[in-house]
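Visitor: Got a minute to walk me through this one? I'd like to start with the rings and then wander a bit.

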Amino acid sequence: MAEYGAHVASTSISERPSIFTALAQENLMSAVRPALKHVCKILAEKWPSELHWLYRYSNELHLLLDLILQHYCLKKLSASFAENFYGMKRVALCEAEAGAKLPFKVRTKSLIFLVFVPYFKSIADQLFERWREEDADGRLLSQASRSSQYIRIFLAVYPYIHLSYEATMLCYQMAFIFGKSRFHSPFLQLANIRLRNLNMQDILSVQAGGRDRKLAQDGDGQGSMARKLLEEATSLAAAGLASGLSAGVFFLQFLEWWYASDHNIRRAVTSLPVPDPPKGVYAIQLPPGLCPLCKKLLTNETALVTSGIVFCYPCIHAYVQQERKCPVTGFPTTLNCLVKLYLQDS
């Protein structure tokens, strides 16, 4: 009983989460995106005719599922999924009492910073990596459109934006470690909330709130049946997603290892010699030293692992990205099958 009473009557110092739990909950959600993308890739490769779109729109699928999950957790638990998983909750600075729910305005800000900001940042990171590769290969130099100029401006400015973002996060974390700030992230300060550890009163309040909502739904006979069914279906879907993610979070490290091993296998393939093109499949005579697509001398030689044929990198990259097949053999392929060749001068 003494331990229980000490836990309920915890001071503000003990309610303050450590930097380790604060960073752990952020790393948990950042690990979900690549794991979900890898699962979508496996499903798309298993059933390509039915689920080929799943891998292409994996970012949007993650956005939708994350929005449903975080909205449910913020509304019912006053915390994000990861924060509740690590025993924390969000408290509005204007409402410091233990059982208070987050106001609608605070929940909206929290959703923006929890769901939409990471989504747009991941899209910006992907675009930067793709356009930087195209710029290194000289494909942007061949384009004189206004969009290519905007892309070059983005490539020049985005590294400084990313550096400022990471530096700001580091400054907030250091200030939180040394007790100079209540926020380990600038997004918490912008949302006008702080994090604190859960206590027994919070747990009892959540349980009592669930019973009160059930009694209110049973006693409300005048409400719209369609609205009730929609709310109940959404709550059940979010609760099922939260329960499933809670059970599967322990397998995220395994999925990350699986995802990394896939890259290791792909790197091992690039170290193998380029195979000869299959014989008897097509009757096209390939001119030596010329690209089969542009009919010019090979530049930036790249082999297509699917068929073993060498092309110019800009030619084969643009063709495979649009057609998803080998231009000579017609075999289905992807951009992952392109291997750049670094040949020594004879």
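**Rings, a patch and two odd phis**

Guide: Sure. Arg 16 lies over the face of Phe 176, 3.9 Å from the ring centre. Keep in mind that this is a predicted model.

Visitor: Which residue lies over the face of Tyr 313?

Guide: That's Lys 340, at 4.4 Å from the ring centre.

Visitor: Back to Phe 176 for a second. Which residues is Ile 19 in contact with, leaving aside its neighbours within four places in sequence?

Guide: Phe 176 is one of them, and the others are Gln 173, Ile 177 and His 184. Ile 19 itself lies in helix α3, which covers residues 19-46.

Visitor: Is Ile 19 buried or exposed?

Guide: Buried, because its relative accessibility is 12%, and the cut-off for buried is under 20%.

Visitor: And how far apart are Ile 19 and His 184 in space?

Guide: 7.5 Å from C-alpha to C-alpha, with their positions 165 residues apart in sequence.

Visitor: OK, ring pairs. How many aromatic pairs does the structure hold?

Guide: There are 9 aromatic pairs. One of them joins Phe 85 and Tyr 86, with 5.4 Å centre to centre and 80° between the planes, which makes it edge-to-face. Phe 85 is partly exposed at 31% relative accessible area, and Tyr 86 is partly exposed too, at 33%.

Visitor: What about Tyr 165 and Phe 187, why is that pair tilted?

Guide: Because their planes are at 40°, with the centres 6.3 Å apart; tilted is what's left between under 30 degrees for stacked and over 60 for edge-to-face. Tyr 165 sits in helix α8 (residues 146-177) and Phe 187 in helix α9 (residues 186-190), so the pair ties together parts 22 residues apart in sequence. Tyr 165 is partly exposed, with a relative accessible area of 28%.

Visitor: Which residues do ring pairs link into a cluster?

Guide: Phe 128, Trp 131, Phe 154 and Tyr 158.

Visitor: Changing topic: which residues form a nonpolar patch on the surface?

Guide: Tyr 150, Ile 153, Val 157 and Ile 161, and together they have about 400 Å² of accessible area. Val 157 belongs to helix α8 and is partly exposed at 40% relative accessible area.

Visitor: Now backbone oddities. Where does Ser 78 lie?

Guide: In the loop between α5 (58-77) and α6 (81-85). Ser 78 has a phi near 55°, a positive value in a residue other than glycine. That catches the eye because most residues other than glycine have a negative phi. Ser 78 also counts as buried, with 2% relative accessibility.

Visitor: What's the phi of Asn 192?

Guide: Positive again, about 65°, and Asn 192 is not a glycine either. Asn 192 lies in the loop between α9 and β2 (193-197) and is partly exposed at 33% relative accessibility.

Visitor: Last bit, the whole chain. How many helices and strands are there?

Guide: The protein chain has 13 helices and 5 strands. Of its 346 residues, 31% are buried.

Visitor: How much of the accessible surface belongs to carbon and sulfur atoms?

Guide: 63%, out of about 21400 Å² for the protein chain. And among contacts with a separation of 6 or more, 61% are between residues 24 or more positions apart.

Methods:
Residues numbered from 1 in each chain as written. Predicted model: local features only at pLDDT ≥ 70, side-chain atom pairs only at ≥ 80, totals over all residues. Heavy atoms only, no water. Phe/Tyr/Trp six-rings, centres within 6.5 Å; stacked < 30°, edge-to-face > 60°. Buried < 20%, exposed > 50% of the residue type's maximum accessible area, 1.4 Å probe, protein only. Helix = DSSP H or I, 4+ residues; strand = E, 2+ residues; numbered from the N terminus. Lys NZ or Arg CZ within 6 Å of the ring centre and 35° of its normal. Contact = heavy atoms within 4.5 Å. Patch = residues over 30% accessible without salt bridge, like charges linked within 9 Å, V, L, I, M, F, W, Y side chains within 5 Å. Areas by Shrake-Rupley, 256 points an atom, 1.4 Å probe, with all protein chains shown as cover. Salt bridge = Lys/Arg side-chain N within 4 Å of Asp/Glu carboxyl O.
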